[in-house]
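Subject: Structure for you to look at

Hi there,

Here is the structure I promised to pass on, with the sequence alongside. Have a look at it first, and then read on for my notes.

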Amino acid sequence: MSGTVPGPDGQPRCRWCQAAPEFFDYHDREWGYPVDDDRRLFEKLCLESFQSGLSWRTILAKRENFRAAFDGFDWTRIAVYNDTDVARLLGDAGIIRHRGKIEAVINNARRMDDLLAEHGSLAAYVWSYEPKPEDLPEPQTASIIPASTAMSKDLKKRGWKFVGPTTVFAFMQAMGLVNDHARGCAMRDKAARLRAEFTLPK
């Protein structure tokens with residue numbers, strides 16, 4: 001959904017914010033700003049996988065429940081989850097009780113060691129897929145880009161699950177690899193400035 005709508009302060013925001021009042025705070029404080037913290041990146045990949053087929057509003061409303069249920073998305077702890085943990089998560093009404101997605105998070109946590117051994121950090125891996133600005137479509141007009149397809153394909157080769165190109169693109173938008181704030185959005189320039197000040201992880 002392209003274009004802008006007035007935010008709580010009267011300044012323009014990306015049009016998707018109008019879907020729910022809580023989106024304005026998330027949009028202004030988080031969405032599209034560069035992240036290099038491995039825990040936050042892993043969490044976001046997991047939450048985007050849970051969003052598949054659902055509304056982000058649903059996931060955002062349950063985010064704190066997800067963090068509690070999955071040990072703050074500490075992949076070293078999630079990697080040793082067993083059938084008892086899966087049963088616990090399937091019985092947790094505070095999260096999305098989808099066996100395939102729950103098991104994907106555990107599987108992906110177990111794949112982290114190999115990725116870290118090769119790239120040093122999840123941040124270094126993720127940011128190696130940052131597209132060039134000139135290669136991007138107009139903001140708010142795409143759900144997949146070549147970079148998200150490439151990252152998705154590589155993660156799947158590594159054994160990761162629920163990381164399709166659309167899921168990865170949503171992750172890229174949220175974590176600042178793509179400045180997809182609509183033209184005219186009051187936060188677009190802030191996102192660009194933070195990216196200019198950001199040091200790429202190595």
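Let me start with Asp113, which lies in helix H7. This residue counts as exposed because its relative accessibility is 54%. Asp113 and Gly91 sit 22 residues apart in sequence, and their C-alpha atoms are 28 Å apart in space. Please keep in mind throughout that this is a predicted model.

**H7 and its partner H2**

Helix H7 spans residues 99-119, and helix H2 covers residues 38-51. The two pack at an angle of about 145°, with 10 Å between their axes, and their crossing is right-handed. From H2, the contact takes in Asp38, Phe42, Cys46, Ser49, Phe50 and Gln51. H7 contributes Lys101, Ile102, Val105, Asn108, Ala109, Met112 and Leu116. By residue type, the contact of H2 with H7 comprises eight nonpolar, three polar and two charged residues.

**Two buried residues in H2**

Ser49, one of the contact residues of H2, is worth a closer look. Is Ser49 buried or exposed? With a relative accessible area of 3%, Ser49 is buried, since the cut-off for buried is under 20%. The side chain of Ser49 reaches the backbone oxygen of Cys46 at 2.5 Å. Leaving aside residues up to four places away in sequence, Ser49 touches Lys101, Val105, Phe162 and Thr167. For a sense of distance, Ser49 and Gly184 are 135 residues apart along the chain, and 30 Å separates their C-alpha atoms.

Lys44 is also placed in helix H2. Lys44 counts as buried because its relative accessibility is 6%. What does the side chain of Lys44 join in a polar contact of 2.9 Å? The partner is the side chain of Tyr26. With residues up to four places away in sequence left out, Lys44 touches Tyr26, Trp56, Phe171, Ala174 and Met175.

In the loop between H2 and helix H3 (56-61) you will find Gly53. Unlike the two residues above, Gly53 is exposed, with a relative accessible area of 79%. Gly53 and Gln173 are 120 residues apart along the chain, with their C-alpha atoms separated by 18 Å.

**Helix H6**

Helix H6 runs over residues 83-90, and its buried residues are Asp85, Val86 and Leu89. Viewed down the axis of H6, these buried residues fall within an arc of 100°, so they line one face of the helix. Asp83 and Thr84 are exposed on the other side of H6. Helix H4 (63-69) and helix H7 are among what covers the buried residues of H6. At the start of H6, a side-chain oxygen of Asn82 comes to within 3.0 Å of the backbone nitrogen of Thr84.

**H9 and H10**

A second helix pair is H9 (146-157) and H10 (residues 165-174). H9 and H10 pack at an angle of about 115°, with their axes 8 Å apart, and H9 passes H10 in a right-handed crossing. On the H9 side are Ala147, Ser148, Thr149, Met151, Ser152 and Lys156, which meet Pro165, Val168, Phe169, Phe171 and Met172 in H10. The contact of H9 with H10 divides into seven nonpolar, three polar and one charged residue. Phe171 also appears among the residues that Lys44 touches.

**Two backbone angles to check**

Most residues other than glycine have a negative phi. Where does Phe73, with its positive phi, sit? Phe73 is in the loop between H4 and helix H5 (75-78), and its phi is near 60°. Phe73 is buried, with a relative accessible area of 0%.

Gln140 has a positive phi too, near 65°. Gln140 lies in the loop between helix H8 (122-127) and helix H9. Gln140 is buried, with a relative accessible area of 11%.

That is what I have for now. Happy to go through any of it with you.

Best wishes

Terms used. Residues numbered from 1 in each chain as written. Predicted model: local features only at pLDDT ≥ 70, side-chain atom pairs only at ≥ 80, totals over all residues. Heavy atoms only, no water. Buried < 20%, exposed > 50% of the residue type's maximum accessible area, 1.4 Å probe, protein only. Helix = DSSP H or I, 4+ residues; strand = E, 2+ residues; numbered from the N terminus. Arc of directions from axis to C-beta. Contact = heavy atoms within 4.5 Å. Polar contact = N/O pair within 3.5 Å; in protein donor to acceptor, adjacent residues only side chain to side chain. Axes fitted to C-alpha atoms, helices over the stretch in contact; angles between N-to-C directions. Left-handed = near helix turned anticlockwise from the far one by under 90°. Nonpolar A, V, L, I, M, F, W, Y, C, P; charged D, E, K, R; others polar.
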